[in-house]
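Thanks, everyone, for making the time this morning. I would like to walk you through two parts of one structure, beginning with a pair of helices and then moving on to a pocket.

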Amino acid sequence: MQKTQVIRIKKRRQKTQLIRRKTRRQRKNKGIILKIILMLTIIIGVFFGVFKTGKYFYNKYGQATLVTSGKNTEEINPNDNIENSNEVIAIDENTIKESNVNEDGEKYTYDIEKLKNEMNGTEIKDGKKIVFLTFDDGPSITVTPEILDVLKEQDVKATFFLIGKSLEADEKSKQLVKRAFEEGNALGNHTYTHDLKKVFPGNKINIETYMNEVNETNEAIKRIIGQGFHTRVLRIPGGYMSRKYYNDPNLDAFSARLKENNMYDIDWNAYDQDSEGKKKTADELVEITKASIGAKEKVVILMHDTYGKEQTAKALPRIIKYLKEQGYEFRTLK
């Protein structure tokens, strides 16, 4: 009896050991299969460049790039020397490298150097009636959206001369800059602070301070639009004409510095006077604009989209209507 029990116990132990070995083999095989699947997944991900997980795309350099839009993102090589490398920016697929407009807006552009030469009389006029709507001192979250709505409704593009400090004021301001760009408008530089005492100390332009502000604003726009953004279109606070009026002794050196950097400032030859004297109604702004346009062939109109310029937005549809009736073509500055 005891011998029979011993035999049964041995058989049970042997059976248990066999089951355990079989379980271990199954677990080992399962682990190998999982590793193979994981390796294949990684290989496929590298092969196609990126693969999506949640809100991120993992590029071939192993970086998790936050996607801020449904459009293509630009791959960033960690070995490249890029400012703000910790912040990866999603580049709109319509962004053109080294440009201040997107692809859709390219067909509306006009070369700023050519325009300046035409306005200065150093280049023969071509007889075409072209108007450039320009807005200074923005963006503002009150007026800029209304301006953009009118431009979109009228199928017209404009050039916005941005103040860096204003566009970085809050997230809504940044989104307005992005919207203006994505809707085919051109972006120009109007310094970072627009502080006349800072950029014109002693009523003389401080070239280094001014250029630093230009660069600071360009970098601020890049953080919104993408690293491909570049503008050579500038407008001096008060205009280049004001520096000439005050006989600024640094003006020639400043002009030479702009030329070295392939940058061009642009004034205006028509103005709605929305920042001159007493506050005006939309009706008054329309009539003033008409009078300032006159019979000019190339017209650069100065307006403002900063805070308190709601009447400018109200006047804009009628200004555009008048210009269309006069046979003007609408273009932007590049």
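Let me start with the contact between two helices, in which A282, D283, L285, V286, T289, K290 and I293 of α10 meet Q311, T312, K314, A315, R318, I319, Y322 and L323 of α11. Sorted by class, this contact of α10 with α11 is made up of 8 nonpolar, 3 polar and 4 charged residues. Please keep in mind throughout that what you see is a predicted model.

How, then, are the two helices arranged? In general, a packed pair of helices is described by the angle between the axes and by the distance between them. Here α10, which covers residues 282-293, packs against α11, residues 310-325, at an angle of about 40°, and their axes lie 8 Å apart. Because of that angle, α10 counts as oblique to α11, and the crossing in which α10 passes α11 is right-handed.

Now to the pocket. The largest pocket in the model has a volume of about 450 Å³, and 17 residues line it, with K116, N120, Y240, D265 and I266 lying nearest its centre.

Which elements each supply at least two residues of that lining? They are α2 (112-120), α8 (240-245), α9 (251-260) and β9 (264-265), and the largest share, 5 residues, comes from α2. As for the character of the lining of the largest pocket, by class there are 8 nonpolar, 3 polar and 6 charged residues.

That is what I wanted to show you, and I am happy to go back to either part.

Note on methods
Residues are numbered from 1 along each chain as its sequence is written. This is a predicted model: local features need pLDDT of at least 70, side-chain atom pairs count only at pLDDT 80 or more; totals for chains, interfaces and linings use all residues. Side-chain values use heavy atoms; hydrogens and water are left out. On a 1 Å grid over the protein atoms alone, a cavity is a set of points where a 1.4 Å probe fits but cannot get out, and a pocket is an open set with protein on both sides within 12 Å along at least five of seven lines; lining residues have an atom within 4 Å of a point. Grid points are joined across faces, edges and corners, and a volume is the space filled by probe spheres set on the points. Helices (H or I, at least four residues) and strands (E, at least two) are DSSP runs, numbered from the N terminus. Ala, Val, Leu, Ile, Met, Phe, Trp, Tyr, Cys and Pro count as nonpolar, Asp, Glu, Lys and Arg as charged, and the others, Gly among them, as polar. Axes are lines fitted to C-alpha atoms, for helices over the stretch in contact, and angles run from 0 to 180 degrees between N-to-C directions. Angles under 35 degrees count as roughly parallel, over 145 as roughly antiparallel, 65 to 115 as roughly perpendicular and the rest as oblique. A crossing is left-handed if the near helix is turned anticlockwise from the far one by less than a right angle, and right-handed if clockwise. Contact means heavy atoms within 4.5 Å.
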